[in-house]
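Trainee: I should like to learn how to read the main features of a structure with two chains. May we work through one together?

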Amino acid sequence: MNQSSILDRIIRRNNVCISGQGDRAVMFVHGLGCDQRMWRYVAPTFEVDFKVILMDLSGCGRSDLSAFDLDRYSNLEGYAQDILEVIAALDLQDVVFVGHSVSIMLGAIASIRQPEKFSKLIMVAPSPCYLNYPPDYLGGFDREDIEELLDLMDKNYMGWASFLAPLAIDYCPSPELAQELESSFCSTDPITAKAFAKATFYADCRSLLPEIVTPCLVMQCSEDALVPEPVGEYLHHHIPKSSYIKLTATGHCPHLSQPVETAAFIRSYISASMANTVSRQI
Amino acid sequence: MSDILEFAPCGYIRFSETGIIERINSTLANWIGAPKHAIEGQSIQSLLPKAGQIFLQSYIFPQLKFSADVEECHFKLLTRSGERIPVLGNFYWSEREACASSNDDRTNQPQLDGSTTLYDVIIIRAHKRHQLENALVLAQQKADATVRELKKSNDSLGRFANMVAHDLKSPLRNINRLAEYLSDDYEDLLDDDGKDLLKKLDSTSQQAIYFVDKLLEYGSLGAKGTLEEVDLNRVVTIASETFSESMATTGATLQIGRLPTVMGIEIQLVQLFQNLIGNAIKYRSPDRSLIIDIQATQIDEKECKIWVKDNGVGIPAQYQQDVFDILFRLHGKDLEGAGIGLATCKWIVQNHLGTIGVESNIDEGSSFYFTLRSIDR
């Protein structure tokens, strides 16, 4: 296989979409349960002056399901590797990485491996670990909660194999089929969806935080059912060059519920010079 | 809220984009075990266990936001006493009618003007369905595990067969080589019977090597095998070599017409002819010398029919259907054979997407026929 077809395969695997006018790259990566559409209210506002990179994580959205490898994606490392491969395939430098929820840890892992590729990490509703490890750390969930979630996924995805799978297997389904897929809340292959949910909720990336050398913005939401407030503060406290901001947006998806506010904070952090960045060394 | 909905046999909630419950009907409030006023104004998350909260945030909200209503969602309600009620819910955007008339803009337009979108949810309890589906999920998981096990054991069986074939190959080669040395250096010391035995040793070991080679080839192709062009003339020559001795001693003749090239797996087709020729020899008539006639006819462009005809004892009409069943033995224990020869033939032909059958008259002989795919010309 030659060089260009490998690159092509990576682009196809993660359904990478590139738009925008600028030279500087902003990469938006979605979290659990959805795909790049999560950024549809925020990403377009950056197209005027940035190169905007959107992708679907493996097993999500329109990623190439045939490329899904249960071993590779049994933990966050595999997904983080994908991000580095996309960056390499597009030959990007000084990437501003904007991640939501679990994907902020993918960005963090990737930035630790290849810090020279990243200029800033922006973490929307982030958590380094969703599980409770009392008494020192309360991520919000016990193992039983996660088991119950996986069971819930089983129930809701039950019809997937017989009804939706035949549609999803076709990489580029017809518009009607695509509509059909998009309009179903369980349009992801349950096997890949569960793999991602497990990789997310059983991960504990707390020990990595001090190794992050890239400047970070931690954006904590109000009343986020998935991320208790102390978690955002924990991140800010343990990531060397981090700034912290608490959004008025409630819930776990401020980029959907308060896209204007969210986009404004992202933009101002990107344009802030390093000198102005609130940083705290520990 | 209309009186009908208030006490309807289903739960009803209206909540805002931020998840705040604006209305709840009495039916649902009763299920939850709290007065309506204690629920209204709270977050919808307060009605869900943590797993449900994650599911709502990660899977349901984005979907509602983008395009679709969410239907038939399984989740559990958390009552005030800590019980879980399995339910099915339909989530609808509450102003869908108004939206439909304005080109369904909501998918692209966030609410930037401070107004908030409202969602209506209808909930029904699904205790029994839940139990059934639990059983189904379990059964599915069991079936999946069995399939995985089966695949694993098939794979290891295949690997084992491959390994054995590999291991057999070199001793067989050695036997063949030893026979050659024996023939080169000591043939003069042997009488005619000895020379004859030596020749047979040579040809038998060569045939064994051929089979092991084919077995390895077949194993490497996977169980299904890939069809390739196979010259049936060559196949019949290889297959009949096995019987050269018994045919000579019984005075049998083999007549072979012009045979086509077909799409097939060579080793299987060799086995097919070996079984049919062996069968003809086994069931020859004591009253006359055996004549085996192998002919082919073209059915159409894509298919040909092959006949293997003998003048043996024949098969009674009532058994002609059964002869291809595994372990069917027409002639009791009088004749050697495991009873799987014709079953193997059937399997091979079916594996080639063909059909197999027999026409036979008692004391006149049998005519086995099967169809194969001709090569495209």
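Trainee: How many residues does the contact take from chain B, and how many from chain A?

Mentor: The size of an interface is often given as the accessible area lost when the parts come together. Here the description rests on residues instead. The model is a predicted one, and in it the contact takes 28 residues from chain A and 31 residues from chain B.

Trainee: Which elements of chain B each supply at least two residues of the side that touches chain A?

Mentor: They are α4 (50–66), β3 (70–78) and α6 (127–186) of chain B. The largest share comes from α4(B), with 15 residues. By class, the side of chain B that touches chain A holds 17 nonpolar, 10 polar and 4 charged residues.

Trainee: How many helices and strands are there in chain B, and what share of its residues counts as buried?

Mentor: Chain B has 11 helices and 12 strands. Of its 377 residues, 27% count as buried. Among its contacts between residues at least 6 apart in sequence, 62% join residues at least 24 apart.

Trainee: What are the corresponding values for chain A?

Mentor: Chain A contains 10 helices and 9 strands, and buried residues make up 49% of its 282 residues. For contacts in chain A with a separation of 6 or more, residues 24 or more positions apart account for 75%.

Trainee: How should a pair of packed helices be described?

Mentor: Two packed helices are described by the angle between their axes and the distance between the axes. In chain B, consider α10 (residues 266–282) and α11 (residues 341–351): their axes come within 9 Å and cross at roughly 145°. The crossing of α10(B) and α11(B) is left-handed.

Trainee: Which residues make the contact of α10(B) with α11(B)?

Mentor: From α10(B), the residues include B:Gln268, B:Leu272 and B:Asn275; from α11(B), they include B:Leu342, B:Cys345 and B:Ile348. By class, this contact has 6 nonpolar, 8 polar and no charged residues.

Trainee: Finally, a single residue. Why does B:Asn233 count as partly exposed?

Mentor: The class follows from a count of neighbours. B:Asn233 counts as partly exposed because it has 16 C-beta neighbours inside 10 Å, whereas a residue is buried at 20 or more and exposed at 12 or fewer. B:Asn233 lies in helix α8 (residues 232–241) of chain B.

Trainee: How far apart are B:Asn233 and B:Arg258 in sequence and in space?

Mentor: B:Asn233 and B:Arg258 are separated by 25 residues in sequence and by 7.4 Å in space, C-alpha to C-alpha.

Note on methods
Residues are numbered from 1 along each chain as its sequence is written. Chains are lettered from A and ligands numbered from 1 in the order in which they are written. This is a predicted model: local features need pLDDT of at least 70, side-chain atom pairs count only at pLDDT 80 or more; totals for chains, interfaces and linings use all residues. Helices (H or I, at least four residues) and strands (E, at least two) are DSSP runs, numbered from the N terminus. Two residues are in contact if their C-beta atoms, placed from the backbone, lie within 7 Å. Ala, Val, Leu, Ile, Met, Phe, Trp, Tyr, Cys and Pro count as nonpolar, Asp, Glu, Lys and Arg as charged, and the others, Gly among them, as polar. Axes are lines fitted to C-alpha atoms, for helices over the stretch in contact, and angles run from 0 to 180 degrees between N-to-C directions. A crossing is left-handed if the near helix is turned anticlockwise from the far one by less than a right angle, and right-handed if clockwise.
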